[in-house]
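Reader: I have a chain to look at and would like to go through its folding step by step. Where should we begin?

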Amino acid sequence: KNSAKAMEKELVTCSLQEKEKTAIDRSQIFQIPPRKDLETKVIVVLGKAGMGKSILVQKICQDWSNGEFSQFEFVFWFDCKQISLPEKQYSLKELLLDSFVKPQEGSKEIFEYILQNPAKVLLVFDGFKGLHDHENFPRCSASQPEKDLCSIKELLSGLIQKKILNGCTLLFTARPKDKLYQCMSKVDKTIEIVGFSPQQRELYITKYFEESPYCDSALKLIKECEYLFSHCYSPVMCRFVCFLCETVLEVGEKSLPSTLTEVFLKFFQQKIMIMQTDVTTTQNQESLATLARIAWCLGEKHQSAMKSDLLPSTEVKEFALKYGFFLPFALPRHSDSEEEEFGSTFSDFAIQNFLCALHLLLAEELRDKNLTKYLSFLSKKKKPYNWLDLMPRFLAGLMFLQDDPYFCSLSNEDAKQSTKKQKTLLKYIRRLQINTLCPERLLELLRCVYETQNNYLLQHVALRLEPDLSFLGIGLTPPDVHVLHSILKRSRKEFSLDLRNSGIDMQGLRALVSLRNVTSFRASLSDTVRLWKSLEQTKDYELLKASTEKFVLDPFKARTMKDISDLSDLVEMQEKMINCVEEASVCTRYEIPAIRNLRKLEFALGPACGLQGLLKLVKILTAFPSLQHLDLDALSENGIGDEGAKSLSEVFPTLTSLETLNLSQNKITDLGAENLATALPSLSSLKTLSLYNNNICDFGAENLAKVLPAMTSLRVLDVQYNKITGAGAQQLTDSLRKCPHIKNLVMWNPTIPYGVLEHLHQLDSRISV
């Protein structure tokens with residue numbers, strides 16, 4: 001039981017989707033609730049690749065240099081992909097004062113001051129991967145890590161474990177994953193960058209074309225291509241789409257590519273192939289193929305940087321730098337006598353992903369049938385290429401673009417090879433058991449198939465989707481929603497969607513809910529109520545009514561105060577709905593079906609908010625006429641006590657459908673049991689009552705015994721693990737004789753002698769020993 005409790009606590013700690021979403025200003029990033037001043041503070045900024053994490057931390061550094069964040073006297077910013085090359089080792093002094101910025105004089109004194117005043121130091125590690133590397137993240141073994149050389153992983157480990165520079169502030173940026181293993185327990189604050197809203201996308205595009213003659217037509221052209229506009233939620237993708245739109249408008253074309261693969265194919269073609277001779281075309285094709293192989297070799301190791309002297313030739317290096325595919329950087333030196341070394345890193349994650357896909361397609365050593373193993377919707381035994389998350393989509397897209405003139409200009413592959421690879425993918429997906437895929441793999445399949453824009457594949461997948469589609473806890477980005485919407489629309493089936501904890505935005509939720517063949521959906525209460533309020537404001541009563549009829553709430557589990565607040569908002573929304581629908585003259589009375597049909601409600605707020613949450617819940621319980629199961633038992637123990645029991649008992653007369661009431665582990669004493677007993681007979685449908693593991697003594701047992709004959713619907717009563725003695729047990733047994741309707745009385749208590757309980761069991765076999 002203790003391990004189960006620990007597991008629940010760990011899940012609550014690590015599940016980002018369940019945290020309350022609150023927008024914060026940049027100035028609030030370092031605001032942490034009061035705690036020990038001398039301990040290291042750890043802040044994590046999460047965001048998918050291209051979301052602007054690096055821009056954010058660079059802006060923080062700039063703001064500091066302009067006088068903001070004055071609590072820090074020293075701010076050090078590190079790009080993790082540059083400092084984490086495997087062959088490099090550092091001491092803390094070298095990392096701070098040699099690799100970052102080298103003081104002209106007094107470095108020893110400055111370092112001593114830093115060690116003595118760690119609270120005045122901010123260390124920023126951009127692109128940190130150790131959050132997820134729970135197996136290979138070593139402990140710092142150096143005896144003097146401030147001076148001894150050790151790997152960057154060991155140094156970071158020492159900082160996180162507060163063995164080095166304890167009291168400083170650490171800011172990490174990282175990509176979000178399902179679990180944050182190693183240092184999640186050390187993290188004081190987690191922030192996630194979720195990308196641009198539709199309004200911010202429009203603002204970015206408008207600013208991009210502010211000085212351009214295409215200012216008016218660019219935004220219109222991008223918005224007409226809904227899929228590309230949805231990708232503009234990512235700042236990096238937004239920049240790519242704007243660049244391509246500018247190119248398209250310059251040559252007088254009227255439309256943009258329809259897929260992300262086509263966008264990058266055209267991007268590469270525009271970068272490389274303009275004003276070239278046949279000779280340079282061949283050279284560029286060879287350099288691009290080599291660069292693609294490098295991208296793949298690094299990508300397999302979850303790396304995007306390397307030492308420049310490891311590049312195979314000067315031509316490849318110059319090619320990559322000339323067209324902006326690589327960015328150079330200087331590697332830290334241990335001493336002035338060392339020769340300066342340089343590294344190269346891919347300028348963008350999407351470029352590396354595209355080149356990886358290009359390598360897999362062009363590599364002679366890879367046979368056609370082996371290509372499918374690099375797609376991420378394989379069986380659970382195969383490890384997907386999570387780090388190269390765009391690569392499978394680009395690979396699938398390129399297989400169906402190999403006769404495209406842009407692709408031909410990048411490679412010398414013939415048409416026969418491309419047709420063969422297309423057939424391989426078609427055959428593979430035809431054999432794929434789509435109904436067995438977990439939600440992540442299914443979503444990846446939909447993304448890849450959409451990139452092919454092959455009608456047969458799109459229709460094939462649409463027809464084989466299961467009617468119940470759950471994306472519970474799976475992040476759905478705006479492009480994911482567009483893909484899901486377009487494929488569902490192709491199917492003749494009716495679908496039920498579970499979109500809870502998916503991070504879906506309001507526009508995406510509206511689009512999916514409005515599909516005729518989506519007959520029911522679950523989503524977070526706050527998102528759903530926000531959608532309904534928006535529809536109410538725009539007077540879209542038809543969709544408002546349709547979406548409320550599709551919404552499913554049962555069963556509902558409240559884990560936070562926000563869940564209770566959202567449930568209250570839903571009940572409040574029903575009152576507004578009645579007025580809205582009356583105004584629209586649709587009918588005279590309207591109830592939200594999800595409220596009317598809620599049958600099971602679980603309450604698990606824990607001891608900190610249990611009583612407060614219950615008092616708020618009690619006020620709206622009467623709104624749920626079909627409630628059959630009310631479960632207030634939680635591993636973390638809600639602890640509603642006597643006050644909660646009294647408050648709950650006051651609404652018993654309205655809970656006419658309630659069949660199961662679980663009040664286990666809630667610190668209820670005789671006083672609470674007395675209040676409950678007074679009102680329990682009014683629960684006319686109650687079949688099971690559990691008061692397991694409370695603090696009820698004989699007086700409480702006596703009050704319960706008095707009302708048992710009046711509870712004619714009751715079948716099971718559980719009062720075990722309380723403080724009832726033999727006297728209280730005897731009273732319950734005497735009452736049981738008048739209750740032929742009760743089938744089981746569970747009342748083992750450590751305070752009842754075993755012989756007494758055994759005797760009572762012999763008198764009445766319905767008593768469990």
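Author: What follows is a set of questions and answers on a predicted model.

Reader: In what order do the five strands of the open sheet stand?
Author: The pairing in this open sheet is parallel. From one strand to the next, the twist averages 15 degrees. The order of the five strands is S2-S4-S6-S1-S7.

Reader: Which strands stand at the edges of the sheet, each with a single partner strand?
Author: A strand with a single partner has one side left without a neighbour in the sheet. That applies to both ends of the order S2-S4-S6-S1-S7. The edge strands are therefore S2 (74-79) and S7 (189-192).

Reader: Which residue in S7 does isoleucine 43 stand opposite?
Author: Strand S1 covers residues 41-46 and pairs with S7 in the parallel sense over four bridges. The residue in S7 opposite isoleucine 43 is lysine 189.

Reader: At about what angle does helix H6 run to S6?
Author: Helix H6, residues 152-160, lies across strand S4 (121-126) and strand S6 (169-174). Its direction relative to S6 is about 125 degrees.

Reader: Through which helix does the chain cross from S11 to S12?
Author: Strand S11 (residues 468-470) and strand S12 (residues 495-498) pair in the parallel sense over three bridges. Leucine 469 stands opposite leucine 497 in S12. The β-α-β crossover between S11 and S12 is right-handed, and its helix, residues 478-488, is H20.

Reader: Is the crossover from S12 to S13 right-handed or left-handed?
Author: S12 pairs with strand S13 (residues 518-522) in the parallel sense over four bridges, and serine 496 stands opposite serine 520 in S13. The chain passes through helix H21 (residues 506-513) on the way, and this β-α-β crossover is right-handed.

Reader: Why are the buried residues of H21 on the same side of the helix?
Author: The buried residues of H21 are Gly508, Leu509, Leu512 and Val513. An α-helix has 3.6 residues a turn, so residues three or four places apart point the same way. What covers the buried residues of H21 includes H20, S12, S13, helix H22 (525-537) and helix H23 (541-550). The buried residues are on the same side of H21 because they cover an arc around the axis of only 125 degrees.

Reader: Is histidine 359 buried or exposed?
Author: Histidine 359 is in helix H14, residues 349-362. Leaving aside neighbours within four places in sequence, histidine 359 is in contact with Ala292, Arg293, Trp296 and Glu365. Its relative accessibility is 8%, and the cut-off is under 20%, so histidine 359 counts as buried.

Notes
Residues numbered from 1 in each chain as written. Predicted model: local features only at pLDDT ≥ 70, side-chain atom pairs only at ≥ 80, totals over all residues. Heavy atoms only, no water. Pairing = 2+ DSSP bridges. Helix = DSSP H or I, 4+ residues; strand = E, 2+ residues; numbered from the N terminus. Axes fitted to C-alpha atoms, helices over the stretch in contact; angles between N-to-C directions. Contact = heavy atoms within 4.5 Å. Right-handed = clockwise from strand over helix to strand, strands pointing away. Buried < 20%, exposed > 50% of the residue type's maximum accessible area, 1.4 Å probe, protein only. Arc of directions from axis to C-beta.
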